[in-house]
Amino acid sequence: MADTSVKISARDVERHFGIDGKHRLHALGPFDLDVNEGEFVCIVGPSGCGKSTFLRILAGLLRPSNGSVELFTNAATETPVSMVFQDYSIYPWKTVERNVSFGLELRGVPKTKAVAQAHDWLERLGLADFARAYPDTLSGGMRQRVAIARALTVEPEILLMDEPFAALDAQLRQVMQDDLLEIWQSDAGRTVVFITHSLEEAIVLGDRVIVMSARPGTMVRSVDVPFPRPRTPELRAQSEFNDFKNELWDLLKSEVAHYMAEIRAGTGDTHAAVGPSPAEPED
Ligand SMILES: Nc1ncnc2c1ncn2[C@@H]1O[C@H](COP(=O)(O)OP(=O)(O)OP(=O)(O)O)[C@@H](O)[C@H]1O
Ligand SMILES: [Mg+2]
């Protein structure tokens, strides 16, 4: 039996995609990852290495071609896993309040109770004044706050975040990182897997940073972030922060160079790294 503190256990996870019936793309793996309960793990890796594919497999949105994923969640939790994507993915025809309460309503929570619960998270994310607004009247940063509030309102045990701040400008991105840091630290116990291209983001937020290789993504290294919690945004100004960022960049840069060489050779994200196509599992 697995250690009880392990929340996510991924073993030999691989994913191939069929391309044109004859060829397949080896997108990911074999990839192994254990995430402990209450741990905040960040994943970095070159573009196209399979990060989103892995997260979608964890979320149960995609099946692995090989290997297995186990989530050790409480059977009584109604929404054990929720996910936040880069592109906000909120309903434009629902108000902010209803976007956030919707997940609870789907679970059968009566509307008034669901809306009241949603309001707690709207407050925490600075959205209380926008409860009756429609998403298209909000800035990108506010829309992403709505997506995060929606993911947290269902009180998931595991939160999966796929480059949630990538579309935001640098200042807003930093504000969002700081807010998420504060929320997560004051709300201990939630397990998070967070994908990012920003080493700074990974270090500010993560307990551990996983560096992945170029496609098909495998583990290059799992590195513990050496800064104690609770952390504050001032961490970024410490010279040790920069030193650690450089260490991670040393690990990552040859993988990024590998990715760039593929792009130059025309085999980058063109689905050309191919072999014979096996039977594809259905998604
Ligand atoms: N449904 C699909 N069908 C075919 N190929 C796919 C599919 N989904 C992803 N891929 C390919 O699999 C590889 C991994 O994609 P994935 O989106 O997981 O990468 P990523 O690491 O998240 O990249 P990025 O950093 O750019 O977001 C890429 O080459 C991508 O084009
Ligand atoms: Mg991705």
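Two strands pair if DSSP finds at least two bridges between them. In this predicted model, pairing of that kind builds an open sheet of six strands in the order 5-6-7-3-8-9, with mixed pairing. Strand 5 and strand 9 (219-224) are the edge strands, each pairing on one side only. Averaged over the sheet and with direction ignored, neighbouring strands are turned by 15° against each other.

The sheet can be entered from the edge at strand 5, residues 81-84. Strand 5 runs parallel to strand 6 (residues 158-162), and four bridges join the two. Within this pair, Ser82 stands opposite Leu159 of strand 6. Although strand 5 is an edge strand, both of its faces are covered. Val81 and Met83 are buried on one side, and Ser82 and Val84 are buried on the other.

At the other edge, strand 9 runs antiparallel to strand 8 (residues 208-212), to which five bridges join it. Ile210 has Ser222 in strand 9 as its bridge partner. The loop between strand 8 and strand 9 contains Pro216. The peptide bond that joins Arg215 and Pro216 is cis, with omega at about -5°.

Helices pack on this sheet. Helix 1 (51-58) lies across strand 3 (40-44), strand 6, strand 7 (191-195) and strand 8, and runs at about 155° to strand 7. Helix 4 (140-153) lies across strand 5 and strand 6, at about 175° to strand 5.

Helix 4 includes Ile148. This residue counts as buried because it has 26 C-beta neighbours inside 10 Å, where 20 or more are required. Beyond its neighbours within four places in sequence, Ile148 is in contact with Val84, Leu125 and Pro164. Of these, Val84 is one of the buried residues of strand 5. Trp121 is 27 residues away from Ile148 along the chain, and the C-alpha atoms of the two are separated by 9.0 Å.

Helix 4 also has a part in covering helix 2 (residues 96-106). The buried residues of helix 2 are Val96, Glu97, Asn99, Val100, Ser101, Gly103 and Leu104. Their cover includes helix 3 (111-124) as well as helix 4. After helix 2 comes Gly108, with a positive phi near 95°.

Positive phi values are also found in residues other than glycine. Asp12, in strand 1 (residues 6-18), is not a glycine but has a positive phi of about 50°. Asp12 counts as exposed because it has 12 C-beta neighbours inside 10 Å, and the class takes in residues with 12 or fewer. Glu163 has a phi near 45°, again positive in a residue other than glycine. Glu163 is placed in the loop between strand 6 and helix 5 (170-185). With 19 other C-beta atoms within 10 Å, Glu163 is partly exposed, since a buried residue needs 20 or more.

Strand 2 (23-36) brings in another cis peptide bond. Pro30 has its place in this strand, and the bond from Gly29 to Pro30 is cis, with omega near 5°.

Strand 2 also leads to the ligand. There are 13 residues around ligand 1, and Phe17, Ala27, Lys51, Ser52 and Thr53 come nearest. Strand 2 and helix 1 are the elements that give two or more residues to this shell. Helix 1 gives the most, with three residues. Helix 1 thus contributes to the ligand shell and also lies across strands of the open sheet, among them strand 3 and strand 7. By class, the shell has four nonpolar, six polar and three charged residues.

The chain as a whole can now be described. Its secondary structure comes to seven helices and 10 strands. The radius of gyration is 19 Å, close to the 19 Å that the globule rule gives for 283 residues, so the chain is as compact as a globular protein of that length. Along the principal axes, the C-alpha atoms fill a box of roughly 55 × 50 × 45 Å. Of the 283 residues, 37% are buried. Among contacts between residues at least 6 apart in sequence, 72% join residues at least 24 apart.

Conventions: Residues numbered from 1 in each chain as written. Chains lettered and ligands numbered in written order. Predicted model: local features only at pLDDT ≥ 70, side-chain atom pairs only at ≥ 80, totals over all residues. Near = placed C-beta within 6 Å. Nonpolar A, V, L, I, M, F, W, Y, C, P; charged D, E, K, R; others polar. Rg over C-alpha atoms; globule rule 2.2 N^0.38 Å. Contact = placed C-beta atoms within 7 Å. Axes fitted to C-alpha atoms, helices over the stretch in contact; angles between N-to-C directions.
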